[in-house]
Amino acid sequence: MINSEIETTSHKLVIRNLRISDYDDISDIMREAYARMGGEWKFEEFSTLLSLFTEGQIGVEDKGTVVAAALTLIIDQSKLEMEHSYDDVVSDGRFTKHDPDGDYLYGIDLFVHKDYRGMRLGRRLYDARKELCENLNLKGIIVGGRIPGYAKYSKELTPTQYIKKVRNREIVDPVLTFQIANEFHPKRVIRNYIPEDSHSKSHAVYLEWNNIYYESPRKKMIWGRKSIVRLGVVQWQMRRFSSIEDLLQQVEFFVDTVSGYNADILLFPELFNAPLLAEYDQQDPPKAMRSLAEYTERLRDEMLNMAVTYNINIVSGSLPEYDGERLCNVSFLCRRDGTWDAQYKLHVTPDEAEYWGLQGGDKLRVFNTDVGRIGILVCYDVEYPELPRILAQMGMQILLVPFWTDTKNGYLRVRRCAQARAIENECYVAISGSVGNLPRVENMDIQYSQSAIFTPSDFAFPHDAIAAEATPNTEMTLLADVDLDLLKELRKLGSVRNLESRRSDLYKVDWIKK
């Protein structure tokens, strides 16, 4: 049930569900508003509507008198013809189209007492309808919107041309302009919607508002999908390990610690197993890195086992992989359901190619997890804005970036680009790096890192667009909760909408590798 209060100097407005005793107030407003279109509803019709769907009938009361109202049904969209009429929906006051098991709200009427117009009561009623739609988990709201300004232009413009000019703000229509401002999207013209509506020349517009929080039961995973995701990031200390067992002990320490805080995802840094390079000939770096790759399969399997054991999704930073011909840098997603996937580093730095002979991969993917859709870009890849944009187009919500940098200026390239990617693609971005020194390990001897979790930049997010950041050059973990529903709001309702506002009529970013 809806009940909220708005108090001004001269009014005490209450938004609430309508009652049968409100009929006289409702009929007075309808009689004035629809004097040329049939006037008010009969008492029996109003009573029937309340009995069918009490929650959908919302009014604004001022000092005991209803001064505005929004009347609504639930319908099955698949059974609603695009070319329907108002009478088809209300069915002579019987409201036979109402379906409690339907998937959309249908707004059948909204009216405001003439003395209360200009007080934004219509917007408040639309907001109440949207809240009802979200609470009922319906796909959206449909209305047949009148275009009362059309009669003035009907000799020079078709209804479609008129609607286009209203959308482009060349013409202001008292109803359609308001509905567009409330995020309703025109779909098509409905002819002969209300035959008596001379101002609209009997036309209306099929308008739809989409509920971005709608969750289809068929799409839910067995254990559900959370809106709040807890991210964990390891800022890893590079230190000498006497064996792979010692390194795995340190990995498990972090997995155990972060999982104890009920984190959903844990990110390790790029080439975090580099301390094991000390076992090999430092005069032959390419051979040393290929030898290090012999540990990769075991590390992946051990981390996958930890993911299941500790109930946390683990992104393994990155590890070298050598198949006898190509040496690559690969990041593994180890899911807590026992499955795994891999994302190869696509761009290798000149130093990596020259020093170790690393080569780039050729595939880019978005990965499904039990908490959302994630992308993984290893270090240098985040400096290429095309990659996160393609991932965003594929539905990515969280971007994870394991990196390794030796100097502050190298680190700042990764950080600045990661922050830009969060803003450009309206997603969360976590970066994880290494700290400390590795004496007698060629090309990995010093590290610089300040791991962080970045957010988009808008009112719903931290003022500096940083959810959490580590102390520079100190081994530690980060934990932060990120809300995926806020991304939906940002993409549809944000101050700016980078994804929605792209000029796809002028340019596009495509993946050309098949």
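This report walks through selected features of a predicted model, from one strand and its neighbours to rings, charges and cysteines.

## Strand β13 and its partners

Start with β13 (327-334). Eight of its eight residues are buried. In a regular strand, side chains alternate between the two faces of the sheet. Here both faces are covered. On one side, L327, N329, S331 and L333 are buried. On the other side, C328, V330, F332 and C334 are buried as well.

β13 pairs with several strands. β11 (residues 313-315) runs antiparallel to β13 over two bridges. In that pairing, I314 has C334 as its bridge partner. β12 (residues 319-322) is also antiparallel to β13, with four bridges. Y322 stands opposite L327 there. β14 joins β13 through five bridges, again antiparallel. In this pair, F332 faces A342 of β14.

## Two hairpins

β12 and β13 form a hairpin with four residues between the strands. Within this hairpin, G324 takes a positive phi near 100°. β13 and β14 form another hairpin, with five residues between the strands. There G338 takes a positive phi near 95°.

## R336, a buried arginine

R336 lies in the loop between β13 and β14 (340-344). Is R336 buried or exposed? R336 counts as buried because its relative accessibility is 16%, below the 20% cut-off.

What does the side chain of R336 reach? One polar contact goes to the side chain of D264, at 3.0 Å. The backbone oxygen of N311 is also reached at 3.0 Å. Leaving out residues up to four places away in sequence, R336 touches a set of residues including A263, A307, V308, I312, D370 and V371.

## Helix α1

Helix α1 spans residues 23-33. Its buried residues are Y23, D25, I26, S27, I29 and M30. What covers them includes α2 (43-52), β4 (65-75) and β5 (104-112).

## Aromatic rings

The count of aromatic pairs comes to 21. One of them joins W41 and F95: the ring centres are 5.4 Å apart and the planes meet at 45°, so the pair is tilted. This pair links distant parts of the chain, 54 residues apart. W41 sits in the loop between α1 and α2, and F95 in the loop between α3 (86-90) and β5. Both W41 and F95 are buried. Another pair is Y428 and F461, with centres 6.1 Å apart and planes at 65°, so the pair is edge-to-face. Y428 belongs to strand β18 (residues 428-432), while F461 is in the loop between β20 (452-454) and β21 (466-469). They are 33 residues apart. Y428 is buried at 2% relative accessible area, and F461 is buried at 8%.

Ring pairs also build a cluster of W236, F241, F253, F254, F268 and F272.

## Charges over rings

Two arginines each place their charged end over a ring. R129 sits over the ring of Y126, 5.7 Å from its centre. R300 does so over the ring of F332, at 5.6 Å from its centre. F332 is among the buried residues of β13.

## Cysteines without disulfides

How many disulfides does the whole structure hold? The search finds zero. A disulfide is a covalent bond between the sulfur atoms of two cysteines. Why does C328 not form one? The closest cysteine sulfur, in C379, is 16 Å away, so it is too far for a bond. C328 is buried, at 7% relative accessible area. C417 also has C379 as its closest cysteine, with the sulfurs 10 Å apart, too far for a bond.

Methods:
Residues are numbered from 1 along each chain as its sequence is written. This is a predicted model: local features need pLDDT of at least 70, side-chain atom pairs count only at pLDDT 80 or more; totals for chains, interfaces and linings use all residues. Side-chain values use heavy atoms; hydrogens and water are left out. Buried means under 20% relative accessible area, exposed over 50%, partly exposed in between (1.4 Å probe, protein chains only). Contact means heavy atoms within 4.5 Å. A disulfide is a pair of cysteine sulfur atoms within 2.5 Å. Rings of Phe, Tyr and Trp (its six-membered ring) pair if their centres lie within 6.5 Å; planes under 30 degrees apart count as stacked, over 60 as edge-to-face and the rest as tilted. A charge sits over a ring if NZ of Lys or CZ of Arg is within 6 Å of the ring centre and within 35 degrees of the ring normal. A polar contact is a pair of N or O atoms within 3.5 Å; within protein, one must be able to donate a hydrogen and the other to accept it, and residues adjacent in sequence count only if both atoms are side-chain atoms. Two strands pair if DSSP finds at least two bridges between them.
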